[in-house]
Amino acid sequence: MSNYFQTFNQLPIHPIITKMREIAYHQQVPIINDEGLAFLLFLVKTIKAKRILEIGTAIGFSAIHMALVDEAIHLETIERDPVLVEQAITHIQEANLASQITLIPEDALLVDVQQLKGNYDLIFIDAAKAQYQKFFTKYAPLLASSGIIVCDNLLFHGLVAGEKEIESKNLRHLVEKIDTFNKWLTSNPDYDTTFLAIGDGMAVSTRCKR
Ligand code: SAM
């Protein structure tokens with residue numbers, strides 16, 4: 001984000017958030033960047049989201065931010081890494097948000113969707129980038145009729161748009177998968193999607209009303 005704008009987009013200040021930023025930095029846990037976060041919180045406020053599903057909790061950074069928007073929000077968030085699950089649970093408790101956030105410690109591709117509340121105002125997809133099409137296909141049916149799906153990291157540090165040289169074969173494969181997902185999403189006739197060069201590249205999808 002431009003340093004000039006960053007001073008205007010005031011993100012919440014909370015001791016837990018400061019602690020999570022430090023943990024993410026020192027343990028190199030990927031969390032949403034400030035520009036993406038400001039936009040995500042803008043969406044949560046604008047659509048007055050009350051029921052949120054997040055795929056990819058990590059240490060609870062984005063989940064806690066979204067829950068802090070309004071105490072009427074209930075958020076379910078899925079994380080498969082047991083070490084991160086423990087950390088996220090601690091942070092959620094320290095932020096006194098245990099009544100608002102339900103952490104599901106499972107692989108999102110294996111979760112039985114019957115156990116979820118459903119009818120989500122917002123679904124935030126921020127887990128393994130190579131699996132986005134599977135996450136989208138699996139969880140989109142749980143969206144409320146006027147809900148939105150937000151996908152993060154679709155530019156993947158500028159690599160997907162070919163702005164940087166990719167040396168590693170694995171990374172090139174991942175970038176190709178994200179590119180394939182972006183093309184699949186834009187041509188998906190059931191969803192109207194807007195791609196934005198915000199944060200690390202985000203897409204906002206709504207269900208087509210027909
Ligand atoms: N949303 C978090 C934030 O901004 O604070 C960051 C999430 S981090 C980018 C992605 C997380 O997704 C990682 O913690 C990873 O373990 C988790 N993840 C990846 N694939 C997953 C899957 N299939 N099911 C559940 N979690 C998954």
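1. Let's start from the outside. The protein chain exposes about 11000 Å², and carbon and sulfur atoms supply 53% of that area. Please keep in mind as you read that this is a predicted model.

2. On overall form, the C-alpha atoms of the protein chain fill a box of roughly 40 × 40 × 35 Å along the principal axes. The radius of gyration is 16 Å, which agrees with the value near 17 Å for a compact globule with 210 residues. Of the 210 residues, 48% count as buried.

3. The secondary structure comes to seven helices and seven strands, in the order α-α-α-β-α-β-α-β-β-α-β-α-β-β along the sequence. Among contacts between residues at least 6 apart in sequence, 68% join residues at least 24 apart.

4. Now to the interior. The largest nonpolar core has 37 residues, and Ile 52, Ile 64, Met 66, Ile 101, Leu 122, Phe 124 and Val 150 have the most contacts inside it. Elements that each supply at least two residues of this core include α2 (15-27), α5 (82-94), β4 (120-125) and β5 (143-151). Helix α3 gives the most, with seven residues.

5. Val 150 is a nice residue to click on. Leaving aside neighbours within four places in sequence, Val 150 is in contact with Leu 40, Leu 43, Leu 122, Ile 123, Phe 124, Ile 125, Met 202 and Ala 203. Apart from the largest core lies another core, of 31 residues, among them Val 111, Leu 142, Ile 149 and Val 160.

6. Back at the surface, Tyr 4, Phe 5 and Phe 8 form a nonpolar patch with about 390 Å² of accessible area together. Tyr 4 sits in helix α1 (residues 3-6) and counts as exposed because its relative accessibility is 57%.

Conventions: Residues are numbered from 1 along each chain as its sequence is written. This is a predicted model: local features need pLDDT of at least 70, side-chain atom pairs count only at pLDDT 80 or more; totals for chains, interfaces and linings use all residues. Side-chain values use heavy atoms; hydrogens and water are left out. A nonpolar core is a set of buried Ala, Val, Leu, Ile, Met, Phe, Trp, Tyr and Cys residues joined through side-chain atoms within 4.5 Å. Buried means under 20% relative accessible area, exposed over 50%, partly exposed in between (1.4 Å probe, protein chains only). Helices (H or I, at least four residues) and strands (E, at least two) are DSSP runs, numbered from the N terminus. Contact means heavy atoms within 4.5 Å. Patches are made of residues with over 30% relative accessible area and no salt bridge: like charges are joined within 9 Å, nonpolar side chains (Val, Leu, Ile, Met, Phe, Trp, Tyr) within 5 Å. Accessible areas come from the Shrake-Rupley method with a 1.4 Å probe; for residues, only the protein chains shown count as cover. A salt bridge is a side-chain nitrogen of Lys or Arg within 4 Å of a carboxyl oxygen of Asp or Glu. The radius of gyration is taken over C-alpha atoms; the globule rule is 2.2 Å times the number of residues to the power 0.38.
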